[in-house]
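Here is a short briefing to read alongside the structure. Keep the viewer open and follow along topic by topic.

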Amino acid sequence: MSSATIEAPVRTSTSPMLQLTNLSVSYDGKPAVQNVTFSISSGERYAIIGESGSGKTTVCMAISGFLPRNATISSEERSFQGVPIGATKQKTLIAPRVPGVVTIFQDAMSSLDPVSTIGKQFTAVLNGVRKTSAKEAIERSEGILRSVGLHDVDRIWKSSAARLSGGMRQRVMIALALAAEPQLVIADEPTSALDASLARETMEVLSELTATTGAALLIVSHDIALCARYVDHLVVMRNGRVVESMTPQELAAQAPGSSYGRGLLDSIPTLSNWDVERLRTIDANQEFTA
Ligand SMILES: Nc1ncnc2c1ncn2[C@@H]1O[C@H](COP(=O)(O)OP(=O)(O)OP(=O)(O)O)[C@@H](O)[C@H]1O
């Protein structure tokens, strides 16, 4: 096998790649996401941060077209590369999956075929992009697997997902997502099932590879501290709404307790606050607005 490189796509436009304006989603009539607005340009790295149930996954599913049947969606604009995502007038909507957008889920096993070999899964993804010979598929997937830090390529190529460790599966899933040559990678809690060191490694791999390929990245996470190290912009959600939108530098400059995002950051145990008697907590009744 010889190694292959991932080529950066030519960027042709400076207008946002993804535009969400006043996106609202309800499940069975109950609002889950309300008036969410943000845009992502080519190559930008974004994170949606928030507590459990704040609507992060729902926003991502509205972008990637995975919303379930009981979802009702409305928006002023919901477009990718200038093309509307799904039809906004329908009351019940399953949007078509959006070309150019790949989603990496928290649990690699739910995305990978557990019995088919990784080699077969690579060949299928690569052929979905363009017709690829068996030899090309091996060469290309070897390059991508190495780029996510997996070097035992022959063994992985012949293994099923069930025979790989959790960390290896996560990397294989990232590699398969990249093989699809996406323009936007959505990673929904990609590190929540991993230990701290693997979580950092996964974030590094995601952030480096999207930088190399020119793809934009949208990460969903509870962990504002981890995301702030790897993204250009943080969108903070609470109770279905965006309460803050800022750069990691702006977050770092905020005074402790001064905002909801800062509150999330201050409630994480770190080496510098391990000895305080009680970490700061967020008052459930305190109002925060964007
Ligand atoms: N399929 C569904 N049917 C009904 N309600 C749903 C469905 N999916 C999500 N919800 C509700 O919508 C709200 C937002 O959920 P969502 O999964 O988007 O939040 P989240 O911030 O991603 O949470 P978590 O971090 O726990 O994954 C929650 O109140 C949730 O119970």
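The notes below go through the sheet, the ligand shell, the helix packing and two single residues.

This is a predicted model, so please read every value as computed from it. Six strands form an open sheet of mixed pairing, and twelve named residues, from Y27 to N70, are discussed below as the surroundings of the ligand. Helix α6 (residues 166-179) packs with α3, with α7 and with α4.

**The sheet**

- Reading across the open sheet, the strand order is β7-β8-β9-β3-β10-β11, with mixed pairing.
- The edge positions belong to β7 and β11 (241-246); each has a single partner strand, so one side of each has no neighbour in the sheet.
- From one strand to the next, the twist averages 20°.
- On one side of β8, strand β7 (residues 101-104) runs parallel to β8 and is joined to it by four bridges. Within this pair, V101 lies opposite L184.
- Strand β9 (residues 216-221) is also parallel to β8, with five bridges joining the two. Here V185 of β8 stands opposite L217.
- Strands β10 (residues 233-238) and β11 run antiparallel and are joined by five bridges. V236 has E244 in β11 as its bridge partner.

**Strand β8**

- How many of the five residues of strand β8 are buried? Five of the five residues in 184-188 are, so the strand is largely enclosed by the rest of the structure.
- In a regular strand, side chains alternate between the two faces of the sheet.
- In β8, L184, I186 and D188 point one way, while V185 and A187 point the other way. Residues pointing either way are buried, and that includes the aspartate D188.

**Around the ligand**

- Which residues are around the ligand? They are Y27, A32, G50, S52, G53, S54, G55, K56, T57, T58, P68 and N70.
- By residue class, the shell divides into three nonpolar, eight polar and one charged.
- Helix α1 (residues 56-64) gives the largest share of the shell, with three residues.

**Helix α1**

- Nine of the nine residues of α1 are buried, so the helix is largely enclosed by the rest of the structure.
- The buried residues of α1 include K56, T57 and T58, which are also listed around the ligand. V59, C60, M61, A62, I63 and S64 are buried as well.
- Just after α1 comes G65, with a positive phi of about 85°.

**Helix packing around α6**

- Two packed helices are described by the angle between their axes and the distance between the axes.
- Helix α3 (residues 118-129) packs with α6 at an angle of about 25°, and their axes are 9 Å apart. Because angles under 35 degrees count as roughly parallel, α3 is roughly parallel to α6. The crossing of α3 and α6 is right-handed.
- The axes of α6 and α7 (residues 196-213) come within 11 Å and cross at roughly 15°. That makes α6 roughly parallel to α7. Helix α6 passes α7 in a right-handed crossing.
- For α4 and α6, the axes come within 9 Å and the crossing angle is roughly 130°. This makes α4 oblique to α6. Their crossing is right-handed.

**Two residues to look up**

- Where is G149 found? G149 is in the loop between α4 (134-147) and α5 (153-158).
- G149 is partly exposed, having 15 other C-beta atoms within 10 Å. A count of 20 or more would make a residue buried, and 12 or fewer would make it exposed.
- G149 and A175 are 26 residues apart in sequence, and their C-alpha atoms are 9.7 Å apart in space.
- Is V33, in strand β2 (residues 30-40), buried or exposed? V33 is buried, with 27 other C-beta atoms within 10 Å.
- V33 and Q19 are 14 residues apart in sequence and 16 Å apart in space, C-alpha to C-alpha.

Note on methods. Residues are numbered from 1 along each chain as its sequence is written. This is a predicted model: local features need pLDDT of at least 70, side-chain atom pairs count only at pLDDT 80 or more; totals for chains, interfaces and linings use all residues. Two strands pair if DSSP finds at least two bridges between them. A residue is near a molecule or strand if its C-beta atom, placed from the backbone, lies within 6 Å of it. Ala, Val, Leu, Ile, Met, Phe, Trp, Tyr, Cys and Pro count as nonpolar, Asp, Glu, Lys and Arg as charged, and the others, Gly among them, as polar. Axes are lines fitted to C-alpha atoms, for helices over the stretch in contact, and angles run from 0 to 180 degrees between N-to-C directions. Angles under 35 degrees count as roughly parallel, over 145 as roughly antiparallel, 65 to 115 as roughly perpendicular and the rest as oblique. A crossing is left-handed if the near helix is turned anticlockwise from the far one by less than a right angle, and right-handed if clockwise.
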